[in-house]
Amino acid sequence: MFNGFSTLKTQGMHFLTSSNWQAVVSDSGQIDPKASHFGIAAMLVGTMLVAVIAVVIGVPISVGAAIYLTFYAPEAIKKIMVSAIDLMAAFPSVLFGLWGFFVLEASGEYWAKLLSKYFSWIPFFKLPAPYVTRSPFIAGLVLAVMIIPIVTSISREIFSQTPLDRMQAAYALGGTRFAMLRAVAFPYARSGIVGGIMLGLGRAMGETVAVYTVLNIVYQVNWHILFSAGGNVASMILLKFGEASPYEIKALMAAGLVLFILTLIVNSLANLIVSRTGKSGR
Amino acid sequence: MSTIEKVPTPSPRKPWAATPIDRAKTAGILAAAIVVSVIVLALTPLSGKLAFAAVFFVAYLIIDFAVSFAKAGRAAAVDSVFRGLVTTAIAIAVMPIISILVTVWIRGHHGLHWTLFTMDMHSNSFTDPVGQGGLLHAIIGTFLLVIVAMIISVPIGILTALYLTEVRGRFTRPIEFLVQAMSGVPSIVAGLFIYAAILIPFTKTVNGIQGSLALAILMIPTVARTSQEVLKLIPEDLREAGVALGGTQWRSVALVVVPAARSGLITAMILGVARVAGETAPILLLTGGSGTKNFNVFSGSLGSLPNYVWQAFSAGTPESITRAWAGILVLLVIVVILFTAARILGNRKVGKK
């Protein structure tokens with residue numbers, strides 16, 4: 001990581017705010033550090049965009065699934081589903097990449113077309129050109145599938161700690177199950193679930209291979225989530241690594257450093273929030 | 001001695017269980033929703049399985065709400081709709097798992113041949129017909145990488161967990177925090193770190209041990225956290241008994257606590273292995289991907305399953321894609337076996353020898 005600092009120094013704040021990635025080779029065949037520009041703004045925006053899409057899609061599903069598993073499921077179904085979801089957390093990321101590329105891409109395109117047809121008045125869903133394959137939306141879908149197991153198991157853990165006496169009190173007052181959840185379980189688990197969501201966000205930001213296979217990486221800040229252009233710091237590192245010169249590798253190290261700091265902040269916050277759960281609430 | 005008169009035990013009753021009338025009602029709502037969605041699909045330009053699922057979902061919720069509202073009022077209706085929502089959520093959450101398993105089997109089993117496990121790729125390319133060449137080198141490589149990573153990370157992980165639960169020294173809080181933060185490190189960052197710390201200054205070339213080191217970085221937090229959870233479950237009595245018998249802390253930990261937690265610690269180890277066995281990004285940076293068998297982790301490019309899948313996928317022809325799916329299938333089977341083993345061991349009661 002030390003190597004990354006030198007690039008950060010020479011490129012300064014430009015590294016975070018510009019979205020050029022150009023290694024200029026001078027006459028002697030050496031890379032000219034003055035003329036070369038490295039910026040990861042597009043990749044940073046893309047990373048956040050894809051991760052947020054993943055969270056927006058994945059979290060309602062995971063929290064709903066956790067509620068079902070904790071409060072509704074019969075014992076036998078619960079056991080099977082819990083092991084299935086835990087198993088999914090251990091699937092290799094390259095598998096998600098291939099599955100996303102060959103299977104999810106098709107149905108993702110269908111949804112993307114529907115969304116752009118009926119919701120193009122929302123700026124995010126506008127399509128500058130009719131290309132919807134390999135868009136941030138589909139990468140977000142794949143990441144949503146990848147974070148579902150984590151968020152589900154953390155939420156389940158937290159919901160299962162709901163104090164039994166409060167639950168029984170809610171039922172004894174004549175509440176339905178939904179009333180109990182709203183009055184007891186949600187307030188109790190709220191902060192813990194926020195933490196779980198942030199852990200999912202951290203994982204979605206650092207994912208490399210799966211995003212690389214399904215996303216069309218373009219060096220341009222793109223806010224149109226359905227359009228076939230996006231970015232991701234981790235995938236960019238992988239993409240550029242094979243062909244990179246030593247100086248460029250230093251720039252990639254710097255990108256890795258930024259990613260590391262970003263995920264570290266998100267994860268530390270998440271862990272802090274999760275460990276505080278249960279002290280709040282009614 | 002009088003004989004005890006046998007009183008027939010009353011059969012247990014569950015007043016909250018679903019009655020036949022309830023079941024009939026649910027079935028009726030489901031049937032009505034199906035009918036409605038078929039009609040909607042026939043009348044509107046919507047078509048396809050997805051549209052059907054979406055319409056069915058909305059129709060079910062509306063009908064369910066109406067029926068419950070008519071029967072028991074608003075609170076019950078909301079409750080029943082919420083039940084429908086969370087059931088849908090779990091169905092959606094489980095769908096990708098089934099889809100992934102089915103896809104891997106359907107696309108991968110064409111690529112399964114005996115040669116897969118007896119040959120390597122040194123005289124074949126990925127675009128050759130599927131029967132030629134295999135992934136023996138990749139299986140060997142993955143096993144070597146994982147075993148070396150295990151040798152490095154398991155002692156560190158378990159000792160960390162012991163420090164956190166048994167020693168409870170001054171650095172417990174910061175170390176706990178560090179372990180938790182490390183468990184979120186993106187795999188590519190671990191790869192880059194080893195690249196910057198070892199490959200650039202020292203080796204300047206790819207080899208297996210670098211990959212193992214990167215995997216160890218990813219594995220240590222998993223092992224440490226799971227071991228910590230297991231060690232927390234060991235009853236305090238055992239530790240106190242060990243100390244009461246005059247043992248030092250070292251002896252009571254080594255001879256009482258660790259043996260009692262043995263199966264749990266093995267589970268932690270296996271979960272760590274399952275976590276890293278399919279890790280791709282650091283492998284792509286650090287180990288290279290040779291097609292020949294290489295038993296030496298310290299020198300030479302080392303092929304591995306994720307790398308094989310990646311190369312085959314990148315080659316892009318139908319044959320190579322089939323190879324990629326077959327490789328994924330093998331990798332998935334390894335992960336599932338490891339995971340099931342961890343489950344079986346973990347379900348045993350902690351503290352039993």
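In this predicted model, domain 1 and domain 2 of chain B touch each other through a contact in which 6 residues of domain 1 meet 7 residues of domain 2. On the side of domain 1 that touches domain 2, the residues divide into 2 nonpolar, 3 polar and 1 charged. The domain assignment places domain 1 of chain B at residues 22-110 and domain 2 of chain B at residues 118-347, and the C-alpha centres of these two domains lie 41 Å apart.

One residue of chain B that can be looked at by itself is B:Ile98, which is found in helix α3, a helix of chain B that covers residues 74-108. B:Ile98 counts as exposed because it has 10 C-beta neighbours inside 10 Å, and the limit for calling a residue exposed is 12 or fewer. Going 12 residues along the chain from B:Ile98 leads to B:Val86, and the C-alpha atoms of these two residues are separated by 19 Å.

Further along chain B, helix α5 (residues 136-167) and helix α6 (residues 172-182) have axes that come within 10 Å and cross at roughly 140 degrees. That angle makes α5(B) oblique to α6(B), because an angle has to be over 145 degrees to count as roughly antiparallel. The crossing in which α5(B) passes α6(B) is left-handed. From α5(B), the residues B:Thr160, B:Tyr163 and B:Leu164 take part in the contact, and they meet B:Thr172, B:Ile175, B:Glu176 and B:Val179 of α6(B). Sorted by character, the residues of this contact between α5(B) and α6(B) comprise 4 nonpolar, 2 polar and 1 charged.

Another pair of helices in chain B is formed by α8 (residues 208-233) and α11 (residues 262-277), whose axes come within 8 Å and cross at roughly 150 degrees. This angle makes α8(B) roughly antiparallel to α11(B), and the crossing of the two helices is right-handed. On the side of α8(B), the contact is made by B:Leu215, B:Leu218, B:Met219, B:Thr222, B:Val223, B:Thr226, B:Ser227 and B:Val230. The side of α11(B) contributes B:Gly264, B:Leu265, B:Thr267, B:Ala268, B:Met269, B:Leu271, B:Gly272, B:Arg275 and B:Val276. Taken together, the residues of the contact of α8(B) with α11(B) divide into 10 nonpolar, 6 polar and 1 charged.

Turning to chain A, the reader will find 11 helices and 2 strands, and these elements follow one another along the sequence in the pattern α-α-β-β-α-α-α-α-α-α-α-α-α. Of the 282 residues in chain A, buried residues make up 51%. Among the contacts in chain A with a separation of 6 or more, 77% are accounted for by residues that are 24 or more positions apart.

Chain A and chain B also meet each other, with 55 residues of chain A in contact with 50 residues of chain B. The elements of chain A that give two or more residues to the side touching chain B are α1 (2-11), α3 (41-72), α4 (75-89), α5 (93-119), α6 (136-159), α8 (177-206), α10 (233-241) and α11 (246-275). On this side of chain A, the residues that touch chain B divide into 37 nonpolar, 16 polar and 2 charged.

Terms used: Residues numbered from 1 in each chain as written. Chains lettered and ligands numbered in written order. Predicted model: local features only at pLDDT ≥ 70, side-chain atom pairs only at ≥ 80, totals over all residues. Axes fitted to C-alpha atoms, helices over the stretch in contact; angles between N-to-C directions. Helix = DSSP H or I, 4+ residues; strand = E, 2+ residues; numbered from the N terminus. Parallel < 35°, antiparallel > 145°, perpendicular 65-115°, else oblique. Left-handed = near helix turned anticlockwise from the far one by under 90°. Contact = placed C-beta atoms within 7 Å. Nonpolar A, V, L, I, M, F, W, Y, C, P; charged D, E, K, R; others polar. Buried ≥ 20, exposed ≤ 12 C-beta atoms within 10 Å, placed from the backbone. Domains from an automatic or database assignment.
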